[in-house]
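User: I would like to go through this model by question and answer, with the reasoning set out before each result.

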Amino acid sequence: MSTAAASTTVTVRRATDAPPLISAADLPPAGHFVDGTFLDGSPGRVIDVVDPCTEGVISRIPEGTAEDIDRAVAAAARAKGPWGRLVPKDRSEVLHAIADRLAENTDLLVRLESANTGKPLAVSKDDVAMTVDTFRFMAGAVRAATSMAAGDYVEDHLSVILREPLGVIGVITPWNYPLLMAAWKLAPILAAGNSLVIKPSEQTPLTTLKFAELVADLLPPGVVNVVTGYGAEAGARLAEHPDVDMIALTGSVPSGRAVARAAADSLKRVHLELGGKAPVLIFPDADLAAAASALREAGFWNSGQECGAACRVLVHESVAEEFIDQLVGEVRALVVGDPRSGEEVEVGPMVSKAHFDRVTGYVERAKSEGARAATGGEALDGPGYFIAPTVLVDLPEGAEATHQEIFGPVVTVETFAEEDEAVRRANEVPLGLSASVWTENARRSHDVAARLDSGTVWVNSHLVLAAEVPWGGFKGSGYGRDLSLYALDDYSRTKHVMHHHGR
(Lines give C-alpha, C1' and ligand atoms only; values in the text may rest on other atoms or scores of the structure.)
Protein backbone atom coordinates (compact mmCIF):
# COMPACT_ATOMS: atom_id res chain seq x y z
CA MET A 1 0.00 0.00 0.00
CA SER A 2 2.79 2.40 0.93
CA THR A 3 6.39 2.66 -0.07
CA ALA A 4 7.31 3.69 3.47
CA ALA A 5 9.67 1.27 5.18
CA ALA A 6 9.40 0.31 8.82
CA SER A 7 11.17 2.65 11.20
CA THR A 8 14.46 2.10 12.91
CA THR A 9 14.37 1.42 16.63
CA VAL A 10 12.73 4.21 18.60
CA THR A 11 14.77 5.66 21.44
CA VAL A 12 13.10 6.38 24.76
CA ARG A 13 14.22 9.70 26.16
CA ARG A 14 15.04 9.11 29.81
CA ALA A 15 15.94 11.43 32.66
CA THR A 16 18.56 9.50 34.57
CA ASP A 17 19.94 12.59 36.34
CA ALA A 18 16.75 14.63 36.65
CA PRO A 19 15.12 15.04 40.07
CA PRO A 20 11.82 13.25 40.71
CA LEU A 21 8.66 15.05 39.65
CA ILE A 22 7.28 14.85 43.17
CA SER A 23 8.51 14.55 46.74
CA ALA A 24 6.94 12.76 49.66
CA ALA A 25 5.49 16.10 50.78
CA ASP A 26 3.56 16.39 47.51
CA LEU A 27 1.68 13.12 48.01
CA PRO A 28 -1.86 13.21 49.37
CA PRO A 29 -2.68 11.39 52.60
CA ALA A 30 -2.84 7.64 51.98
CA GLY A 31 -6.36 7.09 53.22
CA HIS A 32 -10.02 7.24 52.34
CA PHE A 33 -11.59 10.72 52.44
CA VAL A 34 -14.94 10.42 54.23
CA ASP A 35 -17.10 13.04 55.90
CA GLY A 36 -14.47 15.73 55.48
CA THR A 37 -11.44 13.87 56.85
CA PHE A 38 -8.91 11.24 55.82
CA LEU A 39 -9.36 7.82 57.42
CA ASP A 40 -7.11 4.77 57.51
CA GLY A 41 -8.12 1.68 55.60
CA SER A 42 -8.24 -1.88 56.88
CA PRO A 43 -4.89 -3.03 58.31
CA GLY A 44 -2.76 -4.97 55.83
CA ARG A 45 -4.99 -4.21 52.84
CA VAL A 46 -2.96 -1.87 50.64
CA ILE A 47 -2.40 -1.33 46.92
CA ASP A 48 0.92 -0.31 45.38
CA VAL A 49 0.79 2.77 43.15
CA VAL A 50 3.45 2.28 40.45
CA ASP A 51 5.35 4.79 38.31
CA PRO A 52 4.94 3.39 34.77
CA CYS A 53 8.19 5.05 33.64
CA THR A 54 10.42 3.33 36.21
CA GLU A 55 8.19 0.50 37.52
CA GLY A 56 8.96 1.70 41.05
CA VAL A 57 6.35 2.12 43.81
CA ILE A 58 5.34 5.76 44.40
CA SER A 59 2.86 5.27 47.19
CA ARG A 60 0.54 2.78 48.85
CA ILE A 61 -3.19 3.35 49.21
CA PRO A 62 -5.92 1.49 51.13
CA GLU A 63 -7.73 -1.38 49.45
CA GLY A 64 -11.28 -0.26 50.17
CA THR A 65 -13.93 -2.70 51.36
CA ALA A 66 -17.70 -2.77 51.07
CA GLU A 67 -17.80 -1.43 54.63
CA ASP A 68 -15.68 1.56 53.59
CA ILE A 69 -18.14 2.28 50.79
CA ASP A 70 -21.09 1.97 53.19
CA ARG A 71 -19.49 4.48 55.55
CA ALA A 72 -18.88 6.94 52.71
CA VAL A 73 -22.41 6.57 51.32
CA ALA A 74 -23.85 7.21 54.78
CA ALA A 75 -21.82 10.44 54.99
CA ALA A 76 -23.01 11.51 51.54
CA ALA A 77 -26.62 10.73 52.47
CA ARG A 78 -26.37 12.97 55.55
CA ALA A 79 -24.90 15.80 53.49
CA LYS A 80 -27.19 15.70 50.48
CA GLY A 81 -30.12 17.59 52.00
CA PRO A 82 -28.38 20.76 53.15
CA TRP A 83 -26.18 20.91 50.04
CA GLY A 84 -29.11 20.32 47.69
CA ARG A 85 -31.17 23.05 49.33
CA LEU A 86 -28.57 25.75 48.68
CA VAL A 87 -29.61 28.22 46.01
CA PRO A 88 -27.65 28.02 42.74
CA LYS A 89 -25.69 31.18 43.54
CA ASP A 90 -24.27 29.66 46.71
CA ARG A 91 -23.26 26.39 45.05
CA SER A 92 -21.80 28.38 42.15
CA GLU A 93 -19.55 30.34 44.50
CA VAL A 94 -18.22 27.09 46.00
CA LEU A 95 -17.42 25.75 42.53
CA HIS A 96 -15.63 28.98 41.65
CA ALA A 97 -13.62 28.66 44.86
CA ILE A 98 -12.71 25.07 43.92
CA ALA A 99 -11.57 26.25 40.49
CA ASP A 100 -9.44 28.96 42.08
CA ARG A 101 -7.85 26.49 44.50
CA LEU A 102 -7.03 24.07 41.69
CA ALA A 103 -5.59 26.86 39.55
CA GLU A 104 -3.36 27.95 42.44
CA ASN A 105 -2.00 24.40 42.65
CA THR A 106 -1.59 23.79 38.92
CA ASP A 107 2.11 22.96 39.06
CA LEU A 108 1.66 20.45 41.88
CA LEU A 109 -1.27 18.73 40.15
CA VAL A 110 0.59 18.56 36.82
CA ARG A 111 3.65 16.96 38.42
CA LEU A 112 1.56 14.55 40.48
CA GLU A 113 -0.50 13.46 37.46
CA SER A 114 2.57 12.86 35.30
CA ALA A 115 4.37 11.01 38.10
CA ASN A 116 1.42 8.66 38.61
CA THR A 117 0.45 8.07 34.98
CA GLY A 118 3.62 8.73 32.96
CA LYS A 119 1.79 11.41 30.97
CA PRO A 120 3.90 13.92 29.06
CA LEU A 121 3.85 17.23 30.89
CA ALA A 122 1.94 18.87 28.01
CA VAL A 123 -0.91 16.39 28.49
CA SER A 124 -1.04 16.87 32.25
CA LYS A 125 -1.03 20.66 31.82
CA ASP A 126 -3.94 20.39 29.42
CA ASP A 127 -5.78 18.10 31.86
CA VAL A 128 -5.41 20.51 34.76
CA ALA A 129 -6.39 23.52 32.66
CA MET A 130 -9.57 21.82 31.47
CA THR A 131 -10.30 20.61 35.01
CA VAL A 132 -10.30 24.23 36.17
CA ASP A 133 -12.38 25.31 33.17
CA THR A 134 -14.94 22.55 33.79
CA PHE A 135 -15.57 23.80 37.32
CA ARG A 136 -15.80 27.38 36.09
CA PHE A 137 -18.27 26.46 33.35
CA MET A 138 -20.52 24.48 35.69
CA ALA A 139 -20.37 27.28 38.25
CA GLY A 140 -21.88 29.58 35.64
CA ALA A 141 -24.21 27.08 34.02
CA VAL A 142 -26.06 26.21 37.22
CA ARG A 143 -27.14 29.84 37.51
CA ALA A 144 -28.53 29.93 33.98
CA ALA A 145 -30.58 26.74 33.82
CA THR A 146 -33.77 26.91 31.77
CA SER A 147 -36.89 24.79 31.77
CA MET A 148 -40.34 24.58 30.25
CA ALA A 149 -42.32 27.75 30.87
CA ALA A 150 -44.83 27.69 33.70
CA GLY A 151 -48.35 28.02 32.41
CA ASP A 152 -51.88 26.66 32.18
CA TYR A 153 -51.77 23.55 30.02
CA VAL A 154 -55.08 22.37 31.46
CA GLU A 155 -57.85 24.87 32.16
CA ASP A 156 -57.58 26.36 35.68
CA HIS A 157 -54.40 24.41 36.44
CA LEU A 158 -50.98 26.06 36.61
CA SER A 159 -48.07 23.74 35.81
CA VAL A 160 -44.62 24.45 37.26
CA ILE A 161 -41.59 22.34 36.34
CA LEU A 162 -38.97 21.99 39.07
CA ARG A 163 -35.48 20.59 38.63
CA GLU A 164 -34.15 18.80 41.70
CA PRO A 165 -30.93 17.01 42.66
CA LEU A 166 -30.97 13.23 42.41
CA GLY A 167 -29.36 12.72 45.82
CA VAL A 168 -26.26 10.57 46.30
CA ILE A 169 -24.21 9.82 43.17
CA GLY A 170 -21.65 7.03 42.99
CA VAL A 171 -18.74 7.82 40.65
CA ILE A 172 -16.15 5.45 39.21
CA THR A 173 -13.32 7.01 37.20
CA PRO A 174 -10.64 5.50 34.93
CA TRP A 175 -6.86 5.50 34.99
CA ASN A 176 -6.23 7.38 31.74
CA TYR A 177 -7.46 10.83 32.85
CA PRO A 178 -7.69 10.59 36.65
CA LEU A 179 -8.18 14.25 37.52
CA LEU A 180 -9.98 15.39 34.37
CA MET A 181 -12.53 12.57 34.34
CA ALA A 182 -13.15 13.17 38.03
CA ALA A 183 -13.83 16.84 37.23
CA TRP A 184 -16.17 15.96 34.37
CA LYS A 185 -18.28 14.10 36.94
CA LEU A 186 -17.72 16.15 40.11
CA ALA A 187 -18.44 19.60 38.69
CA PRO A 188 -21.94 18.95 37.28
CA ILE A 189 -22.86 16.59 40.12
CA LEU A 190 -22.03 19.26 42.70
CA ALA A 191 -23.54 22.07 40.64
CA ALA A 192 -26.82 20.18 40.41
CA GLY A 193 -26.93 19.87 44.22
CA ASN A 194 -25.93 16.25 44.75
CA SER A 195 -23.45 14.69 47.15
CA LEU A 196 -21.18 11.89 45.97
CA VAL A 197 -18.78 9.04 46.62
CA ILE A 198 -16.00 8.62 44.08
CA LYS A 199 -13.82 5.56 43.57
CA PRO A 200 -10.81 6.43 41.42
CA SER A 201 -8.83 3.79 39.58
CA GLU A 202 -6.60 1.88 41.96
CA GLN A 203 -3.75 2.49 39.50
CA THR A 204 -3.97 6.30 39.39
CA PRO A 205 -5.67 7.63 42.56
CA LEU A 206 -3.21 10.33 43.58
CA THR A 207 -4.69 13.47 42.01
CA THR A 208 -8.22 12.54 43.12
CA LEU A 209 -7.00 12.20 46.71
CA LYS A 210 -5.02 15.43 46.35
CA PHE A 211 -8.18 17.14 45.03
CA ALA A 212 -10.02 16.07 48.19
CA GLU A 213 -7.19 17.37 50.34
CA LEU A 214 -7.01 20.72 48.52
CA VAL A 215 -10.74 21.50 48.65
CA ALA A 216 -11.63 19.94 52.01
CA ASP A 217 -12.21 23.32 53.63
CA LEU A 218 -14.40 24.57 50.78
CA LEU A 219 -17.13 21.92 50.91
CA PRO A 220 -19.39 20.81 53.76
CA PRO A 221 -18.27 17.46 55.22
CA GLY A 222 -19.76 14.49 53.40
CA VAL A 223 -20.56 16.27 50.13
CA VAL A 224 -17.49 14.72 48.45
CA ASN A 225 -16.10 11.38 49.63
CA VAL A 226 -13.27 9.33 48.13
CA VAL A 227 -12.78 5.58 48.65
CA THR A 228 -9.85 3.86 46.98
CA GLY A 229 -9.86 0.20 46.01
CA TYR A 230 -10.61 -2.34 43.32
CA GLY A 231 -13.70 -2.42 41.16
CA ALA A 232 -14.60 -5.97 42.09
CA GLU A 233 -15.30 -5.03 45.71
CA ALA A 234 -15.43 -1.27 46.29
CA GLY A 235 -16.79 -0.42 42.84
CA ALA A 236 -19.35 -3.21 42.90
CA ARG A 237 -20.65 -2.18 46.30
CA LEU A 238 -20.98 1.42 45.16
CA ALA A 239 -22.94 0.36 42.07
CA GLU A 240 -25.34 -1.87 43.99
CA HIS A 241 -25.76 0.26 47.12
CA PRO A 242 -29.47 0.92 47.77
CA ASP A 243 -28.84 4.45 49.04
CA VAL A 244 -26.99 5.53 45.88
CA ASP A 245 -29.39 7.22 43.45
CA MET A 246 -27.17 7.07 40.35
CA ILE A 247 -23.93 5.39 39.39
CA ALA A 248 -21.75 7.28 36.90
CA LEU A 249 -18.79 5.53 35.31
CA THR A 250 -16.13 6.39 32.78
CA GLY A 251 -14.33 3.22 31.84
CA SER A 252 -14.23 0.12 29.68
CA VAL A 253 -17.21 -1.61 28.08
CA PRO A 254 -16.91 -4.64 30.43
CA SER A 255 -16.87 -2.29 33.42
CA GLY A 256 -19.96 -0.55 32.10
CA ARG A 257 -21.81 -3.83 31.75
CA ALA A 258 -20.85 -4.85 35.29
CA VAL A 259 -22.00 -1.53 36.74
CA ALA A 260 -25.31 -1.62 34.86
CA ARG A 261 -26.00 -5.15 36.10
CA ALA A 262 -25.18 -4.18 39.69
CA ALA A 263 -27.43 -1.11 39.48
CA ALA A 264 -30.41 -3.06 38.14
CA ASP A 265 -31.69 -4.45 41.45
CA SER A 266 -32.22 -1.00 42.95
CA LEU A 267 -33.29 0.52 39.61
CA LYS A 268 -30.86 3.39 40.10
CA ARG A 269 -29.97 5.59 37.17
CA VAL A 270 -26.81 4.74 35.24
CA HIS A 271 -24.51 7.17 33.41
CA LEU A 272 -21.89 5.46 31.23
CA GLU A 273 -19.05 6.90 29.16
CA LEU A 274 -17.29 3.87 27.76
CA GLY A 275 -14.85 3.05 24.99
CA GLY A 276 -14.39 4.28 21.48
CA LYS A 277 -12.90 3.23 18.15
CA ALA A 278 -12.96 6.52 16.29
CA PRO A 279 -13.05 6.20 12.50
CA VAL A 280 -11.24 8.89 10.52
CA LEU A 281 -12.69 9.17 7.00
CA ILE A 282 -10.27 10.79 4.56
CA PHE A 283 -11.71 11.60 1.14
CA PRO A 284 -9.72 12.29 -2.06
CA ASP A 285 -10.13 16.08 -1.81
CA ALA A 286 -8.92 16.25 1.82
CA ASP A 287 -5.92 18.31 2.87
CA LEU A 288 -3.69 15.28 3.45
CA ALA A 289 -0.89 17.20 5.13
CA ALA A 290 -3.32 18.78 7.59
CA ALA A 291 -4.92 15.39 8.30
CA ALA A 292 -1.56 13.71 8.92
CA SER A 293 -0.44 16.56 11.17
CA ALA A 294 -3.69 16.43 13.15
CA LEU A 295 -3.43 12.67 13.60
CA ARG A 296 0.07 13.03 15.00
CA GLU A 297 -1.65 14.60 18.00
CA ALA A 298 -5.16 13.13 17.91
CA GLY A 299 -3.96 9.57 17.36
CA PHE A 300 -1.18 9.61 19.95
CA TRP A 301 -2.34 12.12 22.56
CA ASN A 302 -1.92 10.66 26.05
CA SER A 303 0.05 7.84 24.39
CA GLY A 304 -3.11 6.72 22.60
CA GLN A 305 -4.77 5.94 25.94
CA GLU A 306 -7.74 8.05 24.90
CA CYS A 307 -11.27 6.88 24.12
CA GLY A 308 -11.68 9.50 21.39
CA ALA A 309 -8.29 8.88 19.77
CA ALA A 310 -8.10 9.02 15.97
CA CYS A 311 -7.10 5.38 15.88
CA ARG A 312 -8.84 3.91 12.79
CA VAL A 313 -8.16 5.62 9.46
CA LEU A 314 -10.29 4.89 6.40
CA VAL A 315 -8.62 6.65 3.47
CA HIS A 316 -9.71 6.70 -0.16
CA GLU A 317 -7.61 4.32 -2.20
CA SER A 318 -6.61 7.03 -4.68
CA VAL A 319 -4.70 9.02 -2.04
CA ALA A 320 -3.81 6.24 0.40
CA GLU A 321 -0.13 5.92 -0.46
CA GLU A 322 0.47 9.66 -0.29
CA PHE A 323 -1.39 9.97 3.00
CA ILE A 324 0.39 7.03 4.63
CA ASP A 325 3.77 8.43 3.71
CA GLN A 326 2.84 11.75 5.30
CA LEU A 327 1.38 10.09 8.42
CA VAL A 328 4.41 7.86 8.88
CA GLY A 329 6.66 10.91 8.63
CA GLU A 330 4.67 12.65 11.36
CA VAL A 331 4.61 9.61 13.63
CA ARG A 332 8.34 8.95 13.29
CA ALA A 333 8.99 12.46 14.55
CA LEU A 334 7.15 11.86 17.83
CA VAL A 335 9.35 12.09 20.93
CA VAL A 336 8.91 9.14 23.30
CA GLY A 337 10.07 9.41 26.87
CA ASP A 338 9.79 9.97 30.59
CA PRO A 339 8.04 13.27 31.42
CA ARG A 340 11.00 14.20 33.61
CA SER A 341 13.17 14.39 30.50
CA GLY A 342 11.56 17.59 29.25
CA GLU A 343 8.64 19.42 27.69
CA GLU A 344 9.44 17.97 24.26
CA VAL A 345 8.17 14.49 25.20
CA GLU A 346 4.93 13.69 23.32
CA VAL A 347 4.39 9.99 24.06
CA GLY A 348 4.82 8.35 27.44
CA PRO A 349 4.47 4.77 28.66
CA MET A 350 1.44 2.57 29.00
CA VAL A 351 -0.05 2.96 32.46
CA SER A 352 0.75 -0.56 33.71
CA LYS A 353 2.43 -3.82 32.83
CA ALA A 354 -0.97 -5.43 32.26
CA HIS A 355 -1.99 -2.74 29.79
CA PHE A 356 1.43 -2.85 28.10
CA ASP A 357 0.90 -6.59 27.55
CA ARG A 358 -2.61 -5.96 26.22
CA VAL A 359 -1.50 -3.39 23.65
CA THR A 360 1.54 -5.36 22.46
CA GLY A 361 -0.71 -8.40 22.15
CA TYR A 362 -2.99 -6.55 19.73
CA VAL A 363 0.01 -5.47 17.64
CA GLU A 364 1.53 -8.94 17.48
CA ARG A 365 -1.79 -10.55 16.54
CA ALA A 366 -2.34 -7.96 13.82
CA LYS A 367 1.06 -8.71 12.32
CA SER A 368 0.35 -12.44 12.47
CA GLU A 369 -2.87 -11.78 10.49
CA GLY A 370 -0.89 -10.09 7.72
CA ALA A 371 -0.74 -6.45 8.83
CA ARG A 372 2.50 -4.55 8.40
CA ALA A 373 3.94 -1.92 10.69
CA ALA A 374 4.77 1.01 8.43
CA THR A 375 6.46 2.42 11.51
CA GLY A 376 6.80 1.21 15.07
CA GLY A 377 5.16 -2.08 15.90
CA GLU A 378 7.47 -2.97 18.76
CA ALA A 379 7.84 -2.79 22.51
CA LEU A 380 10.75 -0.68 23.71
CA ASP A 381 13.42 -1.74 26.16
CA GLY A 382 12.71 -1.04 29.82
CA PRO A 383 12.48 0.08 32.44
CA GLY A 384 8.97 1.37 31.93
CA TYR A 385 6.06 0.28 29.79
CA PHE A 386 6.97 2.01 26.52
CA ILE A 387 5.70 1.04 23.05
CA ALA A 388 6.89 2.62 19.81
CA PRO A 389 4.26 4.81 18.11
CA THR A 390 2.82 2.50 15.48
CA VAL A 391 1.01 2.74 12.15
CA LEU A 392 -0.42 -0.57 10.92
CA VAL A 393 -1.25 -0.98 7.21
CA ASP A 394 -2.29 -3.81 4.86
CA LEU A 395 -4.97 -4.94 7.30
CA PRO A 396 -7.68 -7.29 6.02
CA GLU A 397 -11.22 -5.96 6.27
CA GLY A 398 -12.74 -6.90 9.63
CA ALA A 399 -9.37 -7.41 11.31
CA GLU A 400 -9.38 -7.42 15.12
CA ALA A 401 -7.10 -4.39 15.31
CA THR A 402 -9.59 -2.33 13.29
CA HIS A 403 -12.61 -3.27 15.40
CA GLN A 404 -11.37 -3.60 18.99
CA GLU A 405 -10.23 -0.70 21.14
CA ILE A 406 -6.45 -1.09 21.45
CA PHE A 407 -6.06 2.00 23.67
CA GLY A 408 -2.41 2.58 22.96
CA PRO A 409 -0.10 4.38 20.51
CA VAL A 410 -1.42 2.43 17.52
CA VAL A 411 -3.24 3.77 14.45
CA THR A 412 -4.59 1.42 11.77
CA VAL A 413 -5.01 2.49 8.13
CA GLU A 414 -7.50 0.89 5.72
CA THR A 415 -8.64 1.96 2.27
CA PHE A 416 -12.06 2.38 0.69
CA ALA A 417 -13.32 2.92 -2.84
CA GLU A 418 -16.78 4.48 -2.43
CA GLU A 419 -18.36 6.88 0.04
CA ASP A 420 -21.13 4.46 1.05
CA GLU A 421 -18.51 1.81 1.75
CA ALA A 422 -16.60 4.20 4.01
CA VAL A 423 -19.72 5.04 6.02
CA ARG A 424 -20.75 1.38 6.30
CA ARG A 425 -17.35 0.29 7.54
CA ALA A 426 -17.09 3.24 9.93
CA ASN A 427 -20.39 2.24 11.52
CA GLU A 428 -19.81 -1.52 11.66
CA VAL A 429 -17.89 -1.47 14.95
CA PRO A 430 -19.89 -1.91 18.19
CA LEU A 431 -18.69 1.43 19.59
CA GLY A 432 -19.88 4.93 18.65
CA LEU A 433 -18.14 7.60 20.67
CA SER A 434 -16.50 9.85 18.06
CA ALA A 435 -15.39 10.11 14.44
CA SER A 436 -13.99 12.64 11.99
CA VAL A 437 -14.52 13.47 8.31
CA TRP A 438 -11.82 15.04 6.16
CA THR A 439 -13.01 16.71 2.98
CA GLU A 440 -13.15 20.15 1.34
CA ASN A 441 -16.67 19.40 0.03
CA ALA A 442 -19.14 21.10 2.39
CA ARG A 443 -22.14 19.08 1.21
CA ARG A 444 -20.28 15.82 1.70
CA SER A 445 -19.12 16.86 5.16
CA HIS A 446 -22.67 17.56 6.34
CA ASP A 447 -24.13 14.43 4.77
CA VAL A 448 -21.46 12.00 5.94
CA ALA A 449 -21.36 13.43 9.46
CA ALA A 450 -25.12 12.93 9.73
CA ARG A 451 -24.76 9.28 8.68
CA LEU A 452 -22.04 8.38 11.17
CA ASP A 453 -23.27 6.65 14.32
CA SER A 454 -21.07 8.59 16.74
CA GLY A 455 -21.81 11.01 19.56
CA THR A 456 -19.25 13.53 18.30
CA VAL A 457 -18.20 14.02 14.68
CA TRP A 458 -15.44 16.48 13.79
CA VAL A 459 -14.97 17.86 10.29
CA ASN A 460 -11.35 18.58 9.27
CA SER A 461 -10.18 18.26 12.88
CA HIS A 462 -10.18 15.63 15.61
CA LEU A 463 -10.18 15.52 19.42
CA VAL A 464 -11.10 19.16 19.96
CA LEU A 465 -13.20 19.57 23.13
CA ALA A 466 -14.92 22.40 24.99
CA ALA A 467 -16.86 22.55 28.25
CA GLU A 468 -19.85 24.08 26.45
CA VAL A 469 -20.52 21.07 24.20
CA PRO A 470 -21.55 17.53 25.20
CA TRP A 471 -19.33 14.46 25.19
CA GLY A 472 -20.75 10.95 25.07
CA GLY A 473 -21.47 8.12 22.72
CA PHE A 474 -23.91 5.72 21.14
CA LYS A 475 -24.11 1.93 21.02
CA GLY A 476 -21.46 0.23 23.13
CA SER A 477 -19.93 3.57 24.05
CA GLY A 478 -22.66 4.09 26.62
CA TYR A 479 -25.25 6.73 27.39
CA GLY A 480 -25.43 10.00 29.26
CA ARG A 481 -23.44 13.13 28.51
CA ASP A 482 -20.42 14.74 30.13
CA LEU A 483 -19.74 18.48 29.88
CA SER A 484 -22.26 21.12 28.77
CA LEU A 485 -25.75 21.82 30.08
CA TYR A 486 -26.71 18.26 29.16
CA ALA A 487 -24.59 16.95 32.04
CA LEU A 488 -26.52 19.13 34.49
CA ASP A 489 -29.71 17.61 33.11
CA ASP A 490 -28.33 14.09 33.59
CA TYR A 491 -27.55 14.68 37.26
CA SER A 492 -30.93 16.13 38.16
CA ARG A 493 -34.59 15.18 37.92
CA THR A 494 -37.70 17.04 36.84
CA LYS A 495 -40.79 17.36 38.99
CA HIS A 496 -44.14 18.64 37.74
CA VAL A 497 -46.20 20.57 40.29
CA MET A 498 -49.75 21.42 39.17
CA HIS A 499 -51.84 24.00 41.05
CA HIS A 500 -55.62 24.11 40.64
CA HIS A 501 -56.48 27.79 40.75
CA GLY A 502 -60.08 27.79 39.53
CA ARG A 503 -62.51 29.99 41.45
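**Cores, sheet and overall form**

User: Which residues is Leu-190 in contact with, leaving aside its neighbours within four places in sequence?
Analyst: In this predicted model, the contacts of Leu-190, once its neighbours within four places in sequence are set aside, include Trp-83, Arg-91 and Leu-95. Leu-190 is also among the residues with the most contacts inside the largest nonpolar core, which has 56 residues. The complete set for Leu-190 is Trp-83, Arg-91, Leu-95, Ile-98, Phe-135, Leu-196, Leu-219, Val-223 and Val-224.

User: How many residues are in the second, separate core?
Analyst: Leu-180, Ala-298, Val-391 and Trp-471 are included in this second core, which is separate from the largest one. Its number of residues is 49.

User: What is the order of the strands in the open sheet of 7 strands, and which strands stand at its edges?
Analyst: The sheet is open and its pairing is mixed, with the order S16-S17-S18-S14-S13-S20-S21. The edge strands each have a single partner strand, so one side of each is left without a neighbour in the sheet, and these strands are S16 (372-375) and S21 (456-459).

User: By how much are neighbouring strands of this sheet turned against each other on average?
Analyst: The value is an average over neighbouring strands of the sheet, and direction is ignored in taking it. The turn comes to 25°.

User: What angle does the direction of helix H9 make with that of S20?
Analyst: Helix H9 (residues 288-298) packs on the sheet, where it touches strand S13 (279-282), S14 and strand S20 (434-438). The angle between the direction of H9 and that of S20 is about 155°.

User: Which residue in S18 stands opposite His-316?
Analyst: Strand S14 (residues 312-316) and strand S18 (residues 410-416) run parallel and are joined by 5 bridges. Opposite His-316 in S18 stands Phe-416.

User: Why is S20 described as largely enclosed, and how many of its residues are buried?
Analyst: Ser-434, Ser-436 and Trp-438 point one way from S20, while Ala-435 and Val-437 point the other way, and all are buried. On its two sides S20 runs parallel to its partners, with 3 bridges joining S13 to S20 and 4 bridges joining S20 to S21. S20 is largely enclosed by the rest of the structure because the count of its buried residues is 5 of the 5.

User: Which residue in S21 is the bridge partner of Val-437?
Analyst: Val-437 belongs to S20 and is buried, and S20 is joined to S21 by 4 bridges. The bridge partner of Val-437 in S21 is Val-459.

User: How many disulfides does the structure hold, and why is Cys-307 without a bond to the closest cysteine sulfur?
Analyst: The cysteine sulfur closest to that of Cys-307 is in Cys-311, and because 10 Å separates the two, they are too far apart for a bond. Cys-307 also counts as buried, at 11% relative accessibility, and Cys-53 is buried with a relative accessible area of 3%. The number of disulfides in the structure is 0.

User: What is the radius of gyration of the protein chain?
Analyst: The secondary structure of the chain comes to 15 helices and 24 strands. For 503 residues the globule rule gives 23 Å, and the chain is close to this, so it is as compact as a globular protein of that length. The radius of gyration of the protein chain is 23 Å.

Technical notes
Residues are numbered from 1 along each chain as its sequence is written. This is a predicted model: local features need pLDDT of at least 70, side-chain atom pairs count only at pLDDT 80 or more; totals for chains, interfaces and linings use all residues. Side-chain values use heavy atoms; hydrogens and water are left out. A disulfide is a pair of cysteine sulfur atoms within 2.5 Å. Buried means under 20% relative accessible area, exposed over 50%, partly exposed in between (1.4 Å probe, protein chains only). A nonpolar core is a set of buried Ala, Val, Leu, Ile, Met, Phe, Trp, Tyr and Cys residues joined through side-chain atoms within 4.5 Å. Contact means heavy atoms within 4.5 Å. Two strands pair if DSSP finds at least two bridges between them. Axes are lines fitted to C-alpha atoms, for helices over the stretch in contact, and angles run from 0 to 180 degrees between N-to-C directions. The radius of gyration is taken over C-alpha atoms; the globule rule is 2.2 Å times the number of residues to the power 0.38.
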